[in-house]
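User: I'd like a close look at one part of this protein, the cavity inside it. What lines it, and what else is worth knowing about the chain around it?

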Amino acid sequence: MNSLGLVGIAKVVLKKGKTQLFKDGNPMVYSGAVDRIIGRPPPKTGDIVLVSDGTERPIGWGLYNSVSMFCVRLMQLEDEATSDSSCALNMEKLIETRIDVAVELRRRLDLPSVHTNAYRLINSEGDRLSGLIIDVFGDVAVVASSAAWVEKYKSEIEACIKKINYINHINWRPSVDILKEDGVNVSDLKEVYSSTRPEKTKIVENGILYTISLNGQKTGFYADQRENRQFISRISDGKKVLDLCCYSGGFAINAVRGGALNVTGIDTSLLALELAKENVVLNNIDLGKISFLREDVSEFMKGALLRNESWDIVIIDPPKLAPTKKVLHSASGMYRNLNSLAMQLTKRGGLLMTCSCSGAVTQSGIFLRILQVTRLAQIDLLTPSGLRSSFFHIFDLRTILPITDNPMIAREKLNGCTCFVHDVLPGLEKLSAQAIKCVPWGAASMAGRKITVLRQAGAACDHPVDPSYPEGAYLTNILLRVS
């Protein structure tokens with residue numbers, strides 16, 4: 001890039017010690033990593049800027065944002081710009097090139113095909129276009145915009161999509177809450193459709209037909225679960241199956257197609273259940289084998305337990321409960337409670353497929369700890385000066401008990417403080433004043449069940465993740481044996 005004319009382009013200089021993450025390819029330059037900005041007048045949101053280390057050696061270039069906590073989204077690293085100068089500092093050409101590459105990648109994954117024509121074409125950072133998602137449903141492309149630059153280059157993005165010969169309609173769906181945080185004036189935003197775009201469209205996935213609403217949740221259909229839905233079809237023969245948070249019936253219909261004897265789907269959305277029932281008819285499925293109920297899943301599970309009902313296979317795929325790390329603790333409790341109920345409804349020796357689409361949960365690695373046998377302990381800290389403070393900590397008993405010969409109280413030094421970790425066994429709730437009762441925390445311990453992990457999966461292969469940006473992984477799908 002040094003050989004290019006850079007007149008009028010501002011330079012974002014990073015702090016010493018903050019550069020390696022971005023040299024390795026992480027595209028999200030957070031404001032705390034920036035030392036100074038060189039250039040007058042200062043850059044505006046959406047402007048192209050150079051990014052350099054503390055000695056002003058170039059790292060790459062990207063798009064500036066004066067409002068977001070991520071002040072630059074890197075688009076090309078220095079070596080990329082040198083080897084492919086046609087895209088250097090040229091957003092129009094870069095967008096065109098990246099979308100062309102994504103189309104070719106999906107073609108190599110056999111998408112679209114006669115068996116599947118619903119898939120993700122652009123997966124944000126995974127396809128090197130941070131903030132842009134494009135899902136394709138037959139001849140309709142649904143664009144989910146979550147970055148200011150995407151709105152700025154809307155016409156260029158649409159022009160690239162229109163070049164794809166099997167796309168006839170574009171549905172532009174801005175993620176208003178996220179764009180607001182990115183500094184976009186959301187009062188100017190609205191969903192934009194092709195003038196001839198239908199309200200619904202039909203797709204095929206692994207040979208199963210679906211009607212989807214283009215006004216439905218997210219982009220209209222959850223293509224990320226495609227491979228997990230197909231897996232359910234392979235293990236459902238002769239089984240009784242419960243599909244919780246079933247949306248338009250994807251898992252449920254796959255279970256019936258796989259030979260399930262009886263399938264029940266539960267969801268709170270009337271629109272989703274109408275689609276599910278329409279999809280049953282669309283696939284000529286025996287109505288005696290599948291049914292859908294509109295009910296809160298927690299209330300349904302509690303009622304089913306009172307009725308002593310159980311299923312061979314239970315699937316639970318709740319909506320995003322932890323949209324940010326700030327609510328991770330409260331969301332963990334919700335995941336725990338839902339999964340505890342689901343485990344109790346799973347026949348002993350049966351299977352539970354449990355999911356989380358919360359990126360904060362997947363990236364923290366906490367989901368398995370929510371499921372397994374753990375406890376929530378109150379930890380008392382006694383400082384050398386005699387001050388006491390408490391905090392809560394999640395732990396597995398197997399990691400605590402070896403600390404001391406006394407299984408009731410474990411002690412260790414923590415930052416110069418004496419740390420007491422209390423675990424109360426049945427019948428010994430009343431200890432000394434320092435002893436605080438622990439409560440069972442893991443879903444399995446709450447349910448009184450033992451679990452074994454059989455399979456761990458994520459989103460389908462058309463949802464690539466850049467290893468330099470692991471935060472792009474959001475979906476966790478775990479298959480458990482419950483005994």
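Analyst: A quick word on terms before we start: helices here are DSSP runs of H or I with at least four residues, strands are E runs of at least two, and both are numbered from the N terminus. Counted that way, the chain comes to 15 helices and 25 strands. Keep in mind that this is a predicted model.

For the chain as a whole, 52% of the 483 residues count as buried. If you take the contacts with a separation of 6 or more, 62% of them are between residues 24 or more positions apart.

Now to the cavity. Searching the whole structure for cavities of 30 Å³ or more turns up just 1, and the space in it is about 70 Å³. Its lining is made up of Thr45, Gly46, Leu63, Tyr64, Asn65, Phe70, Cys71, Val72, Arg73, Ala148, Trp149 and Asp182. Three elements each give two or more residues to that lining: strand E5 (58-64), strand E6 (70-77) and helix H4 (148-152). E6 has the largest share, with 4 residues. Sorted by class, the lining has 7 nonpolar, 3 polar and 2 charged residues.

Just along the chain there's a residue to look at too: Glu56, in the loop between strand E4 (48-52) and E5. Glu56 counts as partly exposed because its relative accessible area is 33%, which falls between the 20% and 50% cut-offs. Setting aside neighbours within four places in sequence, Glu56 is in contact with Lys11, Val13, Arg36 and Ile38. With Arg36 there's a polar contact, side chain to side chain, at 3.2 Å. Lys11 is 45 residues away from Glu56 along the chain, yet their C-alpha atoms are separated by 8.4 Å.

Since Cys71 is in the cavity lining, you may be wondering about the cysteines. A disulfide is a covalent bond between the sulfur atoms of two cysteines. Taking a pair of cysteine sulfur atoms within 2.5 Å as the test, the count for this model is 0 disulfides. Two other cysteines can be placed by burial: Cys87 is buried because its relative accessible area is 2%, and Cys160 is buried as well, at 10%. Both values are under the 20% cut-off for buried.

To pull the cavity together: E6 gives 4 residues to its lining, E5 and H4 each give two or more, and 7 of the lining residues are nonpolar.

Notes: Residues numbered from 1 in each chain as written. Predicted model: local features only at pLDDT ≥ 70, side-chain atom pairs only at ≥ 80, totals over all residues. Heavy atoms only, no water. 1 Å grid on protein atoms, 1.4 Å probe; cavity = no way out; pocket = protein on both sides within 12 Å on 5 of 7 lines; lining within 4 Å. Points joined across faces, edges and corners; volume = space filled by probe spheres on them. Nonpolar A, V, L, I, M, F, W, Y, C, P; charged D, E, K, R; others polar. Buried < 20%, exposed > 50% of the residue type's maximum accessible area, 1.4 Å probe, protein only. Contact = heavy atoms within 4.5 Å. Polar contact = N/O pair within 3.5 Å; in protein donor to acceptor, adjacent residues only side chain to side chain.
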